[in-house]
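Here is a short tour for a reader new to this structure. Look at the fold first, then read on.

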Amino acid sequence: MTSIAIIGGGSFGTAMACVARRADLQVTIWARELEVVESISAGRGNPFFLPGIAVEGGVKASSDLNETVRSADYILLAVPSQFLRGVAERMRPAVRAGTPVVSCSKGIERGTCALMPEVIAESLPEAAVAVLAGPSFAKEVARGLVTGVTLASVDQMLAERLAKSLSSARFRVYMCNDPISATIGGAFKNVLAIACGIVMARDMGENVRGLLIARGLHEMACIARAKGGNPINLLGLAGAGDVTLTCMGTQSRNTTFGIALGQGRSAADILAERKVVTEGVQTAASIAELGRRLGLHLPIASAVNRIVNEAASIEETMTELLAHPPGAELTGLV
């Protein structure tokens, strides 16, 4: 594997272009925004989505989606989750049978409740599907700070090949055969981060945040098991690792969204001033609906969905959530 197409010119797609160049791959990044293509092509980086960060030399940029993917050895999809299906379907005529397609999108499709690898399998039925997930803020990845991620695929040989091609001294890629759990961990942590942001803004204490994180991990493990994944894998980078990163600091756009909500601002106003996608908003609705379809009790996901998508009172919803009867801690998992 010597060439890679990265689909999505946002912060993470740009960061992964830097990773791929450091791994000595030929890199072409596709961006919907012409100004992003022109800036990267001119050697000015991506000030629109990754300001202040230099992009590795040799990264090519294109606005032609099919031309970008046609000759690539494999493809990274780094577009927002709610747009992934549309982009993948547009790519279909140019993707060769057997081409590995790796999802980097951390969300669940609204309406269908489909996981990202499910969306790819439906849109690109002849592709070999994998998932990249784990604690990876784009700025730190792009700067070359040490990062560890999970590369998950049911095809272990494929996972090994992909991991080897992207790995470097500062970008550590670990393998997993459970793309379901990796996908759910990456998606749920954004919803959980919104809840943690609200708690931070309302000065409810670190104990409450610890409670939410632990019970959030339980909820994502219940979903993983119900979907056929192995909950034990959520102890790894794509579960506990990503949750720790996203919920414990203020670099996360989902945590800062929760903080702004907790300070009394409306979801619509916060989103209107952002040019980057806050994945947890749409994913909260998807997870709440997925839980209903699977017959799961997901109080945190449901509470966040009511707050961000149904304009429920933060005070009343959080009070109700934290008054939830404890019960057995690992019900449904052991």
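This is a predicted model. Start at the end of one helix: H14 is followed by Ala 311, whose phi is positive, near 55 degrees. Ala 311 is not a glycine, yet its phi has this sign. Most residues other than glycine have a negative phi. Ala 311 sits in the loop that joins helix H14 (299-309) to helix H15 (314-322). Is Ala 311 buried or exposed? It counts as exposed, because its relative accessibility is 72% and the exposed class begins over 50%.

**Helix H14 and its cover**

H14 itself is mostly covered, with 8 of its 11 residues buried. Those buried residues are Pro 299, Ile 300, Ala 301, Ala 303, Val 304, Asn 305, Ile 307 and Val 308. Which helices help to cover them? The cover includes helix H8 (179-201), helix H9 (206-226), helix H11 (253-262), helix H12 (267-272), helix H13 (279-294) and H15.

**The nonpolar cores**

Val 308 of H14 appears again in the largest nonpolar core. That core has 43 residues, and Leu 212, Leu 261 and Val 308 have the most contacts inside it. H8, H9, H10, H11, H12, H13, H14 and H15 each give at least two residues to this core. H8 gives the largest share, 11 residues.

Take Leu 212 as an example. Neighbours within four places in sequence aside, Leu 212 is in contact with Leu 192, Ala 195, Cys 196, Val 199, Ile 300, Met 318 and Leu 321. Ile 300 is one of the buried residues of H14.

Another core lies apart from this one. It has 41 residues, including Ala 17, Val 59, Leu 76 and Leu 162.

**Pockets and a cavity**

Now turn to the empty space. The largest pocket holds about 1300 Å³. Its lining has 42 residues, and Ser 11, Phe 12, Arg 253, Val 276 and Val 277 lie nearest its centre. Helix H1 (11-22), helix H4 (84-91), helix H6 (138-143), H8, helix H10 (237-248) and H11 each give two or more residues to that lining.

The second largest pocket holds about 490 Å³. It is lined by 21 residues, and Arg 215, Pro 299, His 324, Pro 325 and Pro 326 are the closest to its centre. Pro 299 is also among the buried residues of H14. H9, H14 and H15 each supply at least two lining residues here. Which of the helices supplies the largest share of this lining? H9 does, with 6 residues.

How many cavities of 30 Å³ or more does a search of the whole structure find? It finds 1. The volume of the largest cavity is about 50 Å³. Its lining is made of Ser 103, Ser 105, Lys 106, Val 131, Leu 132, Ala 133, Ala 182, Thr 183 and Gly 186. Strand E6 (128-133) and H8 each supply at least two of its lining residues.

The table sorts each lining by residue class.

| Space | Nonpolar | Polar | Charged |
|---|---|---|---|
| Largest pocket | 17 residues | 14 residues | 11 residues |
| Second largest pocket | 12 residues | 6 residues | 3 residues |
| Largest cavity | 4 residues | 4 residues | 1 residue |

**Two more loop residues**

Cys 113 is another residue that has a positive phi without being a glycine, at about 60 degrees. Its place is the loop between strand E5 (100-103) and helix H5 (116-123). Why does Cys 113 count as buried? Its relative accessible area is 3%, and buried means under 20%. Ala 311, by contrast, is exposed.

Glu 56 lies in the loop between helix H2 (34-41) and strand E3 (60-62). Its relative accessibility is 30%, so Glu 56 counts as partly exposed; that class falls between 20% and 50%. Beyond its neighbours within four places in sequence, Glu 56 is in contact with Cys 18, Arg 21 and Arg 22. With Arg 22 there is a polar contact, side chain to side chain, at 3.0 Å. Glu 56 and Val 19 are 37 residues apart in sequence, but their C-alpha atoms are 8.5 Å apart in space.

Notes:
Residues are numbered from 1 along each chain as its sequence is written. This is a predicted model: local features need pLDDT of at least 70, side-chain atom pairs count only at pLDDT 80 or more; totals for chains, interfaces and linings use all residues. Side-chain values use heavy atoms; hydrogens and water are left out. Helices (H or I, at least four residues) and strands (E, at least two) are DSSP runs, numbered from the N terminus. Buried means under 20% relative accessible area, exposed over 50%, partly exposed in between (1.4 Å probe, protein chains only). Contact means heavy atoms within 4.5 Å. A polar contact is a pair of N or O atoms within 3.5 Å; within protein, one must be able to donate a hydrogen and the other to accept it, and residues adjacent in sequence count only if both atoms are side-chain atoms. On a 1 Å grid over the protein atoms alone, a cavity is a set of points where a 1.4 Å probe fits but cannot get out, and a pocket is an open set with protein on both sides within 12 Å along at least five of seven lines; lining residues have an atom within 4 Å of a point. Grid points are joined across faces, edges and corners, and a volume is the space filled by probe spheres set on the points. Ala, Val, Leu, Ile, Met, Phe, Trp, Tyr, Cys and Pro count as nonpolar, Asp, Glu, Lys and Arg as charged, and the others, Gly among them, as polar. A nonpolar core is a set of buried Ala, Val, Leu, Ile, Met, Phe, Trp, Tyr and Cys residues joined through side-chain atoms within 4.5 Å.
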